[in-house]
Each structure stands twice: as C-alpha cells, then as structure tokens.
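Trainee: May we go through this model together and ask what justifies each description of it?
Mentor: Certainly; let us set each value against its definition.

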Amino acid sequence: MSSISATYQEDAAIQKKRWMILIVLNLFTFMSTLDGSIVNIALPVLVKELSLPIAQVEWVTTGYLMAICSVILFFGKLGDIAGKIRIFKLGTVIFIIGSLLCGLSANLPFLIGSRIIQAIGASMTMANSQGIVTDIFPSNERGKALGLIGTFVSLGSIAGPSLGGIIVSTLGWEYIFWVNVPIGLIAIALGWKVLPKDLIHVKSKIDVPGSLLFAVFIVALFAGLLLGQQLGYGDSRIVSSLIAAAAAFIAFIIVELRRTQPLLQLSLFKNPLFSLSILCAFLVFVANFCFNIIAPFYAQNMLNLSPFYAGFLLMLFPICMVIIAPLSGALSDKIGSEFLTFAGLIVMVIAQFGLARLHDGSPVVLAGVWIAMLGIGSGLFMSPNNSLIMSTVPRTQLGSAGSVNSLVRNVGMVVGITIATSILFNVMSSRAGYRVTGLIPGRPDIFLTGMHAVFLTSSVICLVSALLTGWRMLSIRRAKRAIKA
C-alpha cells in the first residue's frame with residue numbers, strides 16, 4: 001500500500017523551483033556516472049606508476065560499477081519506502097566522502113575500497129533521481145526533463161576519458177576524484193534549499209533475502225568474468241564463481257516471485273515497451289563501453305597523443321551528445337520516440353564500423369569524425385529511450401523502475417568492459433602465440449587486430465539493438481493502422 005497526501009505538481013512553490021531541482025539532480029547524475037568512466041583515461045598512467053598489469057588496474061573502474069550494481073535495486077526500493085528525496089540527499093554526502101578518500105589513496109587496495117564507498121553514495125542518487133523527476137514534472141514536460149536526466153547520464157558515462165585526460169595531464173590523477181568535492185558541496189547546498197520533503201511513501205518491508213541474493217549474483221558474476229581474463233575461463237575457481245552466480249540468480253527470481261513485497265517488481269517487465277527499451281539501453285551501454293575502455297589506449301599508444309590531447313579527441317563524443325540529446329528529447333515529445341531511437345542506433349552502427357577500420361597511421365581527423373558520429377547517434381537514442389522507459393510506470397514504482405534503468409546501464413558498462421577486454425586479450429594472445437594481458441611494446445599490429453575485433457563486435461551489438469527498435473516501430477505503426485481501420 002502507499003500513502004499519497006498530494007502531488008508536487010499541485011504545489012505552486014515547488015513548480016517554480018522544478019528546473020533548479022533538475023539542475024541539482026543532474027549535477028549528481030553527471031558526477032556519479034562520470035566516475036564510472038573517468039578513471040579509464042588514467043589507467044595507462046596507473047599502470048606505469050603502480051607497475052601493475054592492465055587486468056588488475058581495471059578493478060578501479062569495475063569495482064565501482066560492481067558495487068553500484070549490487071545495491072542499486074535495494075536503494076531504489078528503499079527510496080519508495082523511506083522517501084526518494086531523503087535517500088538521494090544521504091547518497092550525495094556519502095559520494096563526496098568517497099571522492100575525497102579516493103584522491104588520498106596511496107595504493108590499489110585503498111583506492112578500490114574508497115571507490116566502493118563512492119559507489120554506495122552514487123547508487124543512492126542514481127536509483128532515485130529519475131523517480132523524483134517523474135514525480136515533480138507535469139506530463140507535458142516530463143519527456144524533456146527525463147531526456148535531460150538521460151543526457152547527463154550518458155554525458156557523464158562518456159565524458160570521463162576526455163575530461164579525465166585533461167585533468168590527469170594538468171593536475172594529476174588524484175584530481176579526477178577531488179574535482180567532485182567542491183562541485184558536490186555546491187550541489188548539496190543547493191539541494192538542501194530547493195528539494196522538497198517526500199510526499200510518497202510505500203508501506204512495505206525491505207526484501208532482505210532478495211537483496212542479499214542479488215548482491216551475491218552481481219559480485220560472483222562480475223568477479224568470474226573479470227578474473228577470467230587473468231586466469232583463463234577454464235580455471236576451476238572461475239567456473240565455480242560463474243556457477244554460483246547462476247545459482248544465486250535463479251534463487252533470486254524464485255524468491256521474488258513468491259514475495260508479496262519483492263525487491264524487484266517483476267511485473268514491470270510484463271510491459272513489452274518497458275522491457276524492450278530497457279534491453280536496448282543495456283545493449284547501447286555495452287557498445288559504448290567497448291569504445292570507452294579501448295579508445296584511450298588507441299589514442300595514447302597508437303596515435304601517440306598525450307593524455308591531454310587524447311582527452312580533447314575523446315571530448316568530441318560528449319560534446320556532440322550534449323548538443324544532440326536535449327534536441328532529441330524535446331523532439332520526442334512532439335513526434336514520438338521510436339523513429340529517433342532507431343535513427344540514433346543506425347548512426348552508431350556506422351560509427352562503430354568506422355572505428356573498426358582505424359589503424360596506427362590513421363589521421364586524427366578521421367578518428368575524430370567517427371567519435372563525433374558515435375556521440376551524435378548516442379544523443380539521438382538516449383533521451384527518447386529514457387523517456388519511453390519511465391513514462392510507462394505507476395507513481396508508486398518510480399523508485400524501483402528508476403533503479404532498474406540505472407542497473408541495466410551500469411551492468412551494461414561492466415559487460416562492455418568485460419567483452420572489450422576479453423576479446424582484446426584473446427585476439428592479441430592468439431596473434432602473439434602466448435597469453436597476453438597488456439600492451440606488447442613494439443607490436444602495435446597485435447593491439448590493432450584485437451581493437452578491430454572489439455569494434456566490429458560493438459557494431460554488431462548496436463545493429464541488434466537497431467533491428468529490435470525497428471521491429472518495435474513497425475509493430476506500433478501496424479497497431480495504429482489497425483485501430484484507424
């Protein structure tokens with residue numbers, strides 16, 4: 001049951017502040033998603049400074065994403081019960097503390113531990129921001145507002161390498177975390193002034209068994225996938241981890257189906273529009289993170305650009321996205337979302353295929369064209385798709401739906417990293433004749449062979465998403481014609 005005393009849309013004072021509220025939400029949306037990818041550009045630097053192989057340093061990125069995935073459904077449900085705004089505010093404070101600790105880290109274990117603290121705060125904000133927006137904004141502005149949230153989600157996810165490159169070159173790797181502290185404190189001060197009190201609370205209990213089983217599933221799955229790159233997927237420990245993940249997932253589904261107040265509302269997936277939109281979002285983030293993890297190494301090690309100039313090259317992606325995405329979100333309110341999502345995916349397929357044809361002698365301008373196209377395609381797709389996802393959900397389940405949306409995004413990031421590095425290392429190992437988990441000095445051809453395989457795979461992933469979206473678009477048109485007939 002739920003208790004709803006009023007709506008934010010009926011409160012004139014809150015409506016006057018709704019765009020300022022959106023700014024606060026977007027600041028933390030941007031920072032929390034940015035921190036999932038900003039470390040990527042620093043990985044080559046950390047590899048040198050800490051004398052570690054790429055596969056170990058990856059845990060700085062994947063540990064953050066894994067922690068978010070483990071608890072995001074829990075915080076989405078907690079937001080519905082205790083209040084989405086209350087949980088969001090607490091998350092902002094924890095995120096800033098984690099960011100401060102990350103910059104103070106002197107070794108890899110402390111850095112990974114600090115990233116987990118940061119991730120807990122990030123998951124609290126991610127799980128509830130979309131639900132807050134859907135609650136506050138009237139229906140005629142909701143698509144635009146959710147589109148902007150989606151824009152900042154995508155912008156934060158993709159802008160990491162470019163912003164990180166500039167920060168690492170000018171200030172040092174610690175400042176990619178410390179930059180969050182002053183911005184976060186400003187956002188917190190604004191948030192405490194403009195964010196209203198929670199009106200909607202769902203009378204429910206925390207699903208402890210479901211929460212624990214889901215956390216075990218995420219940790220076992222991603223630990224198995226990521227460690228498999230270092231030890232080989234035939235290793236008995238890796239096989240055991242993946243079996244444990246499968247068992248935990250099956251047990252989670254069984255528990256959720258039997259509980260009256262589950263962690264995950266499986267009924268959400270009965271809506272085909274919600275399910276297909278979620279699947280396409282997942283596939284796009286997988287493809288984009290294949291690019292995100294590979295591109296910094298290509299720019300710095302193949303094109304011989306410094307982190308500073310590599311950052312500017314990779315900045316083309318978020319710049320193009322931030323221009324296109326708000327336009328796409330506003331346009332979707334007028335013409336619908338289906339065509340825009342389809343067009344964006346087709347542009348992404350072309351861009352990923354273009355990236356697969358780059359080599360160590362490619363002009364920087366050509367690389368920039370394909371990167372910019374990838375940003376344009378992502379901008380066209382993300383905002384309308386995000387609006388599609390959240391507009392089909394009851395108000396009392398907005399926290400859960402927002403957390404599912406954020407979950408698939410973060411799972412997509414981890415899966416993208418895993419797919420990209422697994423393909424890269426396997427192809428490089430096959431070409432080199434021995435197991436490879438890092439760059440081979442003096443052999444750019446081996447890295448490029450692996451990179452080409454990664455980008456061809458990501459182009460196929462985008463193509464699958466485009467075909468699904470095209471099928472959905474045709475199905476909706478046929479249904480409309482049948483109604484008119």
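**Reasoning from values to terms**

Mentor: In this predicted model, lysine 89 lies over the face of tryptophan 192, at 5.1 Å from the ring centre.

Trainee: What makes lysine 89 count as lying over the face of tryptophan 192?
Mentor: The charged atom must be within 6 Å of the ring centre and within 35 degrees of the ring normal. The distance here is 5.1 Å, and lysine 89 is listed as lying over the face. Arginine 115 is likewise placed over the face of tyrosine 64, at 4.2 Å from the ring centre.

Trainee: How do you know that the span of helix α5 agrees with its number of residues?
Mentor: Helix α5 covers residues 59-82, which is 24 residues, and at 1.5 Å a residue it should span 34 Å. Its end C-alpha atoms are 32 Å apart, so the two values agree.

Trainee: Where is the kink in α5 centred?
Mentor: The kink is centred on valine 71 and amounts to about 40 degrees. Just after α5, glycine 83 has a positive phi of about 115 degrees.

Trainee: Why is α5 called mostly covered?
Mentor: A residue is buried if its relative accessible area is under 20%. In α5, 21 of the 24 residues are buried, and the helix is therefore described as mostly covered.

Trainee: Why is the pair of phenylalanine 214 and phenylalanine 217 called tilted?
Mentor: The count of aromatic pairs comes to eleven. In the pair of phenylalanine 214 and phenylalanine 217, the centres are 5.9 Å apart and the planes make an angle of 55 degrees. Centres within 6.5 Å make a pair, and planes neither under 30 nor over 60 degrees apart count as tilted. The 55 degrees of this pair therefore make it tilted. Because the two residues are three apart in helix α11 (residues 208-231), about one helical turn separates them.

Trainee: What other partner does phenylalanine 214 have?
Mentor: Phenylalanine 214 also forms a tilted pair with phenylalanine 252, at 5.2 Å centre to centre and 55 degrees between the planes. This pair links distant parts of the chain, since phenylalanine 214 is in α11 and phenylalanine 252 is in helix α12 (residues 236-258), 38 residues apart. Both phenylalanine 214 and phenylalanine 252 are buried. Ring pairs link Phe214, Phe217, Phe249 and Phe252 into a cluster.

Trainee: Which residues are closest to the centre of the largest pocket?
Mentor: The largest pocket holds about 380 Å³ of space. Among its 19 lining residues, Phe214, Phe249, Phe269, Leu407 and Val408 are closest to the centre. Helix α11 gives the most to this lining, with five residues.

How values were computed: Residues numbered from 1 in each chain as written. Predicted model: local features only at pLDDT ≥ 70, side-chain atom pairs only at ≥ 80, totals over all residues. Heavy atoms only, no water. Helix = DSSP H or I, 4+ residues; strand = E, 2+ residues; numbered from the N terminus. Expected span 1.5 Å × (residues − 1). Bend = angle between axes of the 7 residues up to and from the residue. Buried < 20%, exposed > 50% of the residue type's maximum accessible area, 1.4 Å probe, protein only. Phe/Tyr/Trp six-rings, centres within 6.5 Å; stacked < 30°, edge-to-face > 60°. 1 Å grid on protein atoms, 1.4 Å probe; cavity = no way out; pocket = protein on both sides within 12 Å on 5 of 7 lines; lining within 4 Å. Points joined across faces, edges and corners; volume = space filled by probe spheres on them.
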